[in-house]
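I opened the notebook to record a few residues I wanted to look up, one entry at a time.

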Amino acid sequence: FFQHSLLSTLAMSTINYSKLYIKFYNGIIKTHNILLFQESYFESLTFYISFCCITVFILLFLYVVVNYILLKKRESLKKLKKELNLNNITLFEHDTFFPGFKAKDLYDLHNMDNIFTILNPPFSGFKLKKAELESLEKGRVEFSLFYGLYDWIAVHEKGDSKFSFTDVAEKSPFRYWKHEHIFLEEEDGVYLVDRIYYSHDSKQKLSYIFFNFVTLLTLFIFRHHQTERYLNKYFEPSDYYNSKKYHQNEEEEDEEYEEYEEDEEDEE
């Protein structure tokens with residue numbers, strides 16, 4: 001929970017922090033311009049070098065923190081990749097549990113006309129060109145990413161479960177791209193699982209920067225946050241979620257987890 005909260009905060013605040021940093025930088029430059037006439041060339045050069053060093057240090061610190069947090073998630077994905085016998089294919093997966101909702105709610109949400117605008121963050125530079133969908137399981141979508149840098153054609157196919165679907169890239173910066181949208185319904189809610197199989201094209205060097213583990217995780221944290229937001233806006237949680245039985249089961253699970261942690265501490 002702590003990891004997910006921290007990553008959500010980093011993902012949702014990137015643009016705001018960037019704007020604040022630019023204002024901070026402009027303020028320093030203005031202050032320095034005032035003092036420029038009273039300082040020597042050496043002092044001016046020292047000022048810029050110090051500022052650049054501080055900036056690099058902050059970026060490196062954030063990089064180390066994020067990679068440390070993501071270490072466990074990467075290890076779990078490696079295990080899953082071995083189980084699925086994937087060779088030369090990179091696996092990415094992100095899942096979120098939405099208590100009280102059903103798989104059909106997720107399906108209906110993804111079937112909305114403005115879903116592409118809802119799920120794609122502003123920094124992705126997403127632009128829809130053409131959508132020819134008979135349903136989520138059949139059709140094709142043409143769009144561009146990063147303000148026209150990449151053109152993409154996604155072909156929609158039926159998924160493994162009733163309310164799931166898959167999109168396979170017919171045209172993209174990847175050698176191979178398959179995105180499974182999996183909706184796993186439980187008694188007390190539904191899991192949204194985004195699982196992606198992809199392989200980079202060696203000719204598309206920039207795709208390694210725009211589509212890596214950190215950027216994909218940032219993207220899907222945003223998408224799942226938007227999914228939760230619009231589920232609560234357009235759909236009502238089931239009666240079971242509001243019932244005493246659900247909250248009683250939730251309390252029992254918390255007690256079992258606390259007992260499990262105490263047993264582990266005793267063993268250590």
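In which helix is the place of Ile54? I am working from a predicted model, and there I find Ile54 in helix 2, which covers residues 41-83.

**Entry 1, a nonpolar patch.** Starting from Ile54, I looked up what it forms at the surface, and I noted a nonpolar patch of about 520 Å² to which Ile54, Phe57, Ile58, Phe61 and Leu62 contribute.

**Entry 2, the cysteines.** I then searched for disulfides and recorded that the structure holds zero. Cys52 is in no disulfide, and the nearest cysteine sulfur to its own, that of Cys53, lies 7.0 Å away. For Cys53 I wrote down the reciprocal result, no disulfide and the sulfur of Cys52 as the nearest cysteine sulfur at 7.0 Å. Because a disulfide is counted here when two cysteine sulfur atoms lie within 2.5 Å, the 7.0 Å from Cys52 to the sulfur of Cys53 does not qualify. I also checked exposure: Cys52 is partly exposed because its relative accessible area is 46%, and Cys53 counts as partly exposed because its relative accessibility is 48%.

**Entry 3, Glu170.** Next I turned to Glu170, which I located in strand 5, residues 165-171. Is Glu170 buried or exposed? I entered it as exposed, because its relative accessibility is 51% and the cut-off for that class is over 50%. Setting aside residues up to four places away in sequence, I listed Arg140, Ile153 and Val155 as what Glu170 touches. With Arg140 the link is a polar contact, side chain to side chain, at 3.1 Å. For Ile153 I noted the spacing as well: Glu170 and Ile153 are 17 residues apart in sequence, while their C-alpha atoms are 5.4 Å apart in space.

**Entry 4, His156.** My last entry concerns His156, which is found in strand 4, residues 150-158. I put His156 down as buried, because its relative accessibility is 10% and buried means under 20%. What does the side chain of His156 reach at 2.9 Å? I found that the partner is the backbone oxygen of Leu136. Leaving out neighbours within four places in sequence, I recorded contacts of His156 with Leu133, Leu136, Glu137, Lys138, Gly139 and Val141, and further with Phe165, Thr166 and Asp167. Leu136 therefore stands in my notes twice, as a contact of His156 and as the residue whose backbone oxygen the His156 side chain reaches, given that contact means heavy atoms within 4.5 Å.

Notes
Residues are numbered from 1 along each chain as its sequence is written. This is a predicted model: local features need pLDDT of at least 70, side-chain atom pairs count only at pLDDT 80 or more; totals for chains, interfaces and linings use all residues. Side-chain values use heavy atoms; hydrogens and water are left out. Patches are made of residues with over 30% relative accessible area and no salt bridge: like charges are joined within 9 Å, nonpolar side chains (Val, Leu, Ile, Met, Phe, Trp, Tyr) within 5 Å. Accessible areas come from the Shrake-Rupley method with a 1.4 Å probe; for residues, only the protein chains shown count as cover. A salt bridge is a side-chain nitrogen of Lys or Arg within 4 Å of a carboxyl oxygen of Asp or Glu. Helices (H or I, at least four residues) and strands (E, at least two) are DSSP runs, numbered from the N terminus. Buried means under 20% relative accessible area, exposed over 50%, partly exposed in between (1.4 Å probe, protein chains only). A polar contact is a pair of N or O atoms within 3.5 Å; within protein, one must be able to donate a hydrogen and the other to accept it, and residues adjacent in sequence count only if both atoms are side-chain atoms.
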